[in-house]
Amino acid sequence: MGNTLNVNLTVCPFCSVGCSFYVVKNDGSYEIIPARGSPVNEGKLCIKGWHALDFVLSKDRLLKPLIRRGNSFIEASWNEALDIVANKLREIRDKYGPDSIGFISSAKATNEDNYIFQKFARVIFGTNNVDHCARLCHSSTVEGLIRAFGTGAMTFSISDIDNADLIFIVGSNTTEHHPIIGSKIINAVKKGANLIVIDPKLTKIASLATIHLQNLPGTDIPILNAIANILIKENYVDWEFINHRTEGFDEFRKIIEKYTPEYASKISEVPEKQIIEAAELYGKSKRTIFFYAMGVTQHIQGTETVEAIANLAMLKGNVGRESTGVGPLRGQNNVQGASDMGALSDFLPGYVRVWDSNAKERIEKIWNAKIPEKPGLTVTEMFEAALEGRLKAMYIIGENPVVSDPHPELVRKALENLEFLVVQDLFLTETAKYADVILPAKSFAEKKGTFTSTERRIQKVHPVVNIEGPLEDWKIITLLARRLGYDWNYEDSDDILREINLVVPQYAGATPERLEEHPFGLQWPVTRDGKETKILHKDRFTRGLGKFHAVEWNGYVETRDSQYPFVLTTGGIYYHWCSGVMTIRSHILYREAPEAYVEINVEDAKLLNIKNGQYVKVKTKYGEVKVKAMISEDIKRGVLFIPFHYSNVPVNELIGYHKDPISRIPEYKVVAARIEVI
Amino acid sequence: MMKVYKISKDKLKAYLSYLLNKGYSIYGPVKTTSGDVIFSKIEDPEHFVDEKSTNGPKSVVFPEREIIFRYREGKIIEEKSDERRILFGTRTCEIEGFRMLDDVLLKGKYKDISYERKRSNSIIVNFACTKACKYGFCTTFQGPKLKNGFSLQFIDIGDDYLVEAMNEELIVPEYFTEASEEDIKKAEENINNVYKEMEQLPIKDIEKKIKFNDEIWNKLGNYCINCGACNYSCPTCFCFDVYDVKIGNEILRIREWDSCLLEGFSRLAGFNNPRKDNASRLIQRFYHKLVYHKLNYGYYLCTGCGRCIEQCPVNIDIRDVIKYFSGGEL
Ligand code: SF4
Ligand code: SF4
Ligand code: SF4
């Protein structure tokens, strides 16, 4: 009997854990049912997952294309809107050249959407100016892990958590940002696993830790190096692994000698004793899993911190074995996939460098086009170029840089400076308000396609809600391509996935049919005959030998002084997502966290005479915001925290201009600040 | 008076087709190709399975979110639901939950009209379990078989189902035959299997043994990640929030399930909150189920379905709490 009931199955649109659920429609209402069969969420969801349809069904959804007329928008037909976009983009390309247009793709869109969009930029417009928000959250992971291991992704599977004897977390508020992974860590701890957490805040997961190293933001490298130093001194290392599977050890060893617990303690303000205890706990562990997130990646030394974690894992042979490995917790539900698809200014699909002409040839043949060698502009560089007038047009899908990127005031100016801006989104976002044409896109719940989770799991989603008006992102792009003279004949997302199977080696066997047979996905690399990969680097690293990197702590770029005595750090909270566009449209999620705040340690607040709930000003060299104070015992003294979800408290106006020179990720997590009573 | 029939398992799908053709909307457990069982509208009788579903039927009569009424040009327009529906293949722990919802939502001073609208046109065809399900503990309460509150109740007796009929509404001679004494005995035996397989919890007087001041609440509170699943999945939880949404010149009054494990649930003006931490919210949940409802209605607000255990990401287990306060360990 042909059973078609997978049509109800989809994947959560929020974080990158990749929880599956069914959606059924009852007499006028929708119900979300967590999928028991999913090896990822095993019948559970976090609060965001339970409310994943709220924004989909929001009354604010855009249903028709909008065209700017002066200061307002008028509704238009798809034909009209697409004609304008195609003509205008062609005109700008012909007049100013291919690199005068920038394309920002979306980690919320499917693999198929991302693939088509970067192909659109590269093939039809001849530019590598295509990038997406991974630049702002995990580009340092891609760089760091490719350099260390050869593949920029989680080395193990989520299910490996169960049997690890130590879980080592750096800079991840796991129960709030990746709650279902957080819950698995809690369950492992309940069963007796040890837990080390490095975090400036006493988060929930930190409160359950065997050892919590509460450091100053941006001081992970000295701690990680000091632990490595102790391991070598106390001979806790796996020589066999180091000798046969790695390179660069001697140089690394030399560098870390000066990172004594005392030295690391001075920089990080973590007691020496705790660093030694953590080293011993790790030293005695047989199977350790490392997790890290934006607390590591969004730093000026983001890439190097990732490398420092990789070093620590390799020292004890904790890569490529069951219940060991290094796990970046990616942000958006498809940031892994968008990166895999080459929606990055320096990578083609499958992580082929744009300047690697040998590797590139294969893709050029399939596309029947030449791809420029020059890396394109990154997300942040695009806005800089627009400000300077080098970039004339932008096409932004499902991103809200006016809220989420550093320096919103500059982003706004940059957008105003453009001759032409297309925004493709579900809502009239702060960014869409600057557009010349707004194209209404379907949400995850209305389309077919695939998403790739943080454990490299490629999962298929199905349309579970029907909303008349919006179109799939790939569909819109295809319609534009045809208007620009390319006969792109993709009938549906499966056709695109078949092309991805050819182009991206990691996805070779993840065919539409196979993913239907494996409703909870396959983990890449998937070989042509359909074999998935639970654990990477088993007998051999992707790059051959694992590479130790001799990384040093470069000191603060922003030092605290009497004028700016605090370190301000930013982050997300459990109930919200990114720029808030989706979660403020959920009644319950919004109710749970309706306003922004600055979290300040109770002792610091006492000294400054700040009361709970009182409005204060937080100032940095770059800007200031007015926000309510939240007095807490959980945050380290000398540190301030402001969540980044609220467009009325644009915390990204406060951060500096510093970037990680390798991955070009902006420094979001450390900026010197002061707080003033008003 | 209740009558007893039987139906051959071979005829079940044909019977479902017959009901579909009669114009009923049928909701019941269906198996997806991915192997999950979900309670949803049945379009094709082939999809039906006699198994416990992840979600159960609650949201058919009490949806996650629904419009209560619309307000347009000075008038209140009530929502209608004229679907004639059969909930086919429910479990006893689910329908017992309906009975409890009825007590709260229909039998008080004010009637919940939205609930009544959907509840009153839902015919129940219950399937009494003959095997213990994985997390269930229904034998601590009403057991796996309903005494009333259904139109038909099916009990697996091998090649046939024994069918108890409270009324003749859905009885069609073509599919049903008379049941023998032996069939009835067999059904009883099968139901008894569940009593044998399941652990009975020391529920007696739990409302007197449970304690407000106890370390267990902090301990569990440290784990709880406020996902809301224990409420969302519960057949007896009835708390909701109400809000208005304006669309054009129409205002919709909407109600949505709420969860007492969320901070905003009991937050007061000025961000004061009598239940600030997880521990106090867990106390609320368990006290409501095991103490307050018993005082007000004479029974515990739990049917032993085990869904809150199954869907809790951090394995907070009501069975453990009951055992703990009856002298067990955690
Ligand atoms: S853990 Fe992440 S993927 Fe899972 S339900 Fe929550 S937000 Fe969605
Ligand atoms: S709890 Fe009892 S009635 Fe409910 S599904 Fe399990 S066995 Fe059946
Ligand atoms: S299901 Fe568990 S984690 Fe979720 S709110 Fe309930 S007790 Fe907390």
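**Figure 1. The largest pocket of the predicted model.** A pocket is here an open set of points on a 1 Å grid over the protein atoms alone, with protein on both sides within 12 Å along at least five of seven lines, and its volume is the space filled by probe spheres set on those points. In this predicted model, the largest pocket has a volume of about 1800 Å³. Its lining consists of 46 residues, and those nearest the centre are A:Met630, A:Asp634, B:Glu263, B:Lys276 and B:Arg281. Two or more lining residues come from each of helix H6 (174-177), helix H8 (204-207) and strand S26 (624-632) of chain A, and likewise from helix H7 (215-223) and helix H9 (278-297) of chain B. The largest contribution to this lining is that of S26(A), with 5 residues. Sorted by class, the lining of the largest pocket holds 16 nonpolar, 16 polar and 14 charged residues.

**Figure 2. The second largest pocket, with lining residues from chains A and B.** The space in the second largest pocket amounts to about 1100 Å³. Of the 42 residues that line this pocket, A:Leu57, A:Ser58, B:Arg65, B:Ile67 and B:Ile254 lie nearest its centre. At least two lining residues are supplied by each of S3 of chain A and, in chain B, strand S4 (65-72), helix H4 (113-120), strand S11 (240-247) and strand S12 (250-257). The lining of the second largest pocket comprises 18 nonpolar, 8 polar and 16 charged residues.

**Figure 3. The second largest cavity.** The count of cavities of 30 Å³ or more comes to 10, and the view shows the second largest cavity, which holds about 150 Å³ of space. This cavity is lined by 20 residues, of which A:Glu31, B:Asn55, B:Gly56, B:Tyr232 and B:Ser233 are the closest to its centre. Strand S3 (29-34) of chain A supplies at least two residues of the lining, as do helix H2 (58-61), helix H3 (92-105) and helix H10 (307-311) of chain B; S3(A) gives the most, with 4 residues. The lining of the second largest cavity has 10 nonpolar, 6 polar and 4 charged residues.

**Figure 4. The surroundings of ligand 1 and ligand 3.** Around ligand 1 lie the residues A:Cys12, A:Phe14, A:Cys15, A:Gly18, A:Cys19, A:Leu45, A:Cys46, A:Lys48, A:Gly49, A:Pro179 and A:Ile180. Helix H1 (47-50) and helix H7 (179-190) of chain A are the elements that give two or more residues to this shell, whose classes are 8 nonpolar, 2 polar and 1 charged. Ligand 3 is surrounded by 13 residues, the closest being B:Cys224, B:Cys227, B:Gly228, B:Cys230 and B:Cys312. The shell around ligand 3 divides into 10 nonpolar, 2 polar and 1 charged residues.

**Figure 5. The contact between the two assigned domains of chain B.** The domain assignment of chain B gives domain 1 as 3-62 + 77-197 and domain 2 as 206-239 + 258-324. The C-alpha centres of domain 1 of chain B and domain 2 of chain B are 28 Å apart, and 24 residues of domain 1 are in contact with 22 residues of domain 2. Between them, domain 1 of chain B and domain 2 of chain B bury about 2000 Å², of which 62% is on carbon and sulfur atoms. Of the area that domain 1 of chain B buries against domain 2 of chain B, 32% is supplied by B:Met100, B:Tyr135 and B:Phe137, more than by any other three residues.

Methods: Residues are numbered from 1 along each chain as its sequence is written. Chains are lettered from A and ligands numbered from 1 in the order in which they are written. This is a predicted model: local features need pLDDT of at least 70, side-chain atom pairs count only at pLDDT 80 or more; totals for chains, interfaces and linings use all residues. Side-chain values use heavy atoms; hydrogens and water are left out. On a 1 Å grid over the protein atoms alone, a cavity is a set of points where a 1.4 Å probe fits but cannot get out, and a pocket is an open set with protein on both sides within 12 Å along at least five of seven lines; lining residues have an atom within 4 Å of a point. Ala, Val, Leu, Ile, Met, Phe, Trp, Tyr, Cys and Pro count as nonpolar, Asp, Glu, Lys and Arg as charged, and the others, Gly among them, as polar. A residue is near a molecule or strand if one of its heavy atoms lies within 4 Å of it. Domain bounds come from an automatic or database domain assignment. Contact means heavy atoms within 4.5 Å. Buried area is the accessible area (1.4 Å probe) that two parts lose on being put together, summed over both.
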